[in-house]
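Student: Could you take me through one part of this model at close range, and then show me how it fits with its surroundings? I'd like to begin with the ligand shell.

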Amino acid sequence: MNNVIQLFRPTIGEEEIQAVAEVLRSGWLGLGPKTEEFEKAFAAMIGARHVVGVISCTAALDLAVKLLDLRPGDEIVVPTCTFISSAHAVVYNRCRPVFVDIEPDTLNISIEDLKRKISSRTKAIIVVHYSGRPVDLDGVKAVAGTIPIIEDCAHAAGAVYRGRPVGTFGRYGCFSFHAVKNLTMGEGGAVSINDDDDYRRARQLRWLGIDKGTWERTPDNKEYWWEYSVNEIGLKCHLNDILAAIGVVQLKKLPALNARRKQIAEIYRKEFGPLGWLELPPADDDVYRSSWHIFCAKLSTGDRNDLSQYLKQKGIMTGVHYKPIHLYRCYGHQEPLPVAEAVFKRIISLPNHASLSHDDVGRIVDAVKGFSPSR
Ligand SMILES: Cc1ncc(COP(=O)(O)O)c(C=O)c1O
């Protein structure tokens with residue numbers, strides 16, 4: 001079938017293609033002025049003092065944990081309903097992830113379980129704005145006290161909590177600009193930082209620990225222009241100007257792209273609400289404004305896999321976000337997390353992106369309404 005509706009699809013226009021062509025013609029492809037332009041524009045959008053561009057959200061999370069200077073074996077709590085990067089970043093830094101259960105309606109971190117999992121060994125809390133819906137940040141902060149919070153905003157570019165974009169409520173906010181994210185560069189990420197010293201250090205850590213980028217060393221007539229210091233061992237995970245050029249264009253389009261996702265989510269909520277067998281994600285309100293990266297519904301009866309197969313036969317692709325990550329073998333044997341494990345069996349992600357046409361949305365609505373779940 002050639003008119004398959006994909007679960008995710010980037011929305012790229014001529015402007016992005018032109019922006020990349022300009023960078024390619026400019027002769028400066030690496031970390032340079034476009035990256036800085038993107039960082040400044042993104043920081044202004046989310047209201048952060050600083051933003052550091054990196055190659056992925058995985059790298060942003062790794063960098064954020066590194067900035068905390070933790071000791072091997074220190075604990076970091078992580079919600080289990082997320083992509084594995086959120087916990088891998090903990091282990092990259094030789095710390096121990098402690099998995100936390102989720103709320104059954106939003107699939108965001110459970111504040112009650114967070115309270116149970118925190119101890120004197122807890123050195124950081126990672127929260128994930130799952131599907132783009134902000135977590136209860138006031139609730140998390142009340143439990144966290146002085147424990148630093150890292151916001152995993154991979155799904156949440158443009159999401160708003162109590163009137164303010166997410167990414168600046170914790171100590172660091174980590175964003176993804178991966179191929180299918182609301183703001184895409186194909187691959188890319190960023191970490192938002194408010195502390196000036198952290199910012200300087202993060203810029204070095206993304207570039208092997210070197211204290212000056214090649215762009216900064218380029219201006220004419222600098223004495224010893226080739227010299228730099230390496231004060232600590234960093235990563236090689238910086239953003240580059242080809243990707244940043246796509247990001248600069250996408251950032252301007254983000255409000256419209258997110259508005260379209262929200263419009264589709266509202267159609268689904270209205271059309272599927274009366275079905276009675278599909279539980280829908282909560283609507284936006286004055287406190288929580290989602291970026292609607294994922295539209296995740298739950299079957300209250302019948303088999304999620306049957307619905308997925310049925311829709312596939314009709315040329316509509318779906319997904320499951322996520323299998324709880326504490327169940328993956330790489331994390332060894334973990335304590336059960338009953339809400340996440342029960343919810344996992346019932347969830348299905350339906351296509352929701354700005355490249356869906358009016359007809360695509362109609363096809364999805366008709367197909368879902370035509371499904372009869374087995375009892
Ligand atoms: C919640 C979450 N965190 C982190 C990541 C990692 O992002 P990236 O692919 O940019 O490394 C993802 C990717 O999908 C994600 O969904």
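**Around the ligand**

Tutor: Happy to. The shell around the ligand is made up of four nonpolar residues, nine polar ones and one that is charged. Please keep in mind that this is a predicted model. In total, 14 residues surround the ligand, and the closest are Ser56, Cys57, Thr58, Ala154 and Ser176. Two elements give two or more residues to this shell: helix 3 (57–67) and helix 4 (85–92).

Ser176, one of the closest residues to the ligand, also takes us into the sheet, as strand 8 covers residues 172–176. Strand 8 runs antiparallel to strand 9 (residues 189–193), and five bridges join the two. Within this pair, Phe175 stands opposite Ala190 of strand 9.

Now let's step back to the whole sheet. It is open and has seven strands in the order 1-9-8-5-4-2-3, with mixed pairing. At its edges are strand 1 (50–54) and strand 3 (96–100), each of which pairs on one side only. Neighbouring strands are turned against each other by 20° on average, direction ignored. Helix 2 (residues 33–46) packs on the sheet, where it touches strand 1 and strand 9, and its direction makes about 130° with that of strand 1.

Helix 2 has another partner, helix 8. These two helices pack at an angle of about 35°, and their axes are 8 Å apart. Their crossing is left-handed. On the helix 2 side, the contact is made by Pro33, Lys34, Thr35, Glu37, Phe38, Ala41, Phe42 and Met45, while helix 8 brings Asp241, Ala244, Ala245, Gly247, Val248 and Leu251. By class, this contact has nine nonpolar, two polar and three charged residues.

Helix 8 then leads us on to the domains. The protein chain is divided into domain 1 (14–252) and domain 2 (254–369), and 26 Å separate their centres, taken over C-alpha atoms. Where they meet, 32 residues of domain 1 are in contact with 27 residues of domain 2. On the side of domain 1 that touches domain 2, strand 3, strand 6 (160–161) and helix 8 (241–272) each supply at least two residues. That side divides into 17 nonpolar, ten polar and five charged residues.

So here is the route to trace on your screen: begin with Ser176 by the ligand, cross from strand 8 to strand 9, go on to helix 2, which touches strand 9, and then follow its packing with helix 8 to the side of domain 1 that touches domain 2.

Technical notes. Residues are numbered from 1 along each chain as its sequence is written. This is a predicted model: local features need pLDDT of at least 70, side-chain atom pairs count only at pLDDT 80 or more; totals for chains, interfaces and linings use all residues. Two strands pair if DSSP finds at least two bridges between them. Helices (H or I, at least four residues) and strands (E, at least two) are DSSP runs, numbered from the N terminus. Axes are lines fitted to C-alpha atoms, for helices over the stretch in contact, and angles run from 0 to 180 degrees between N-to-C directions. Two residues are in contact if their C-beta atoms, placed from the backbone, lie within 7 Å. A residue is near a molecule or strand if its C-beta atom, placed from the backbone, lies within 6 Å of it. Ala, Val, Leu, Ile, Met, Phe, Trp, Tyr, Cys and Pro count as nonpolar, Asp, Glu, Lys and Arg as charged, and the others, Gly among them, as polar. Domain bounds come from an automatic or database domain assignment. A crossing is left-handed if the near helix is turned anticlockwise from the far one by less than a right angle, and right-handed if clockwise.
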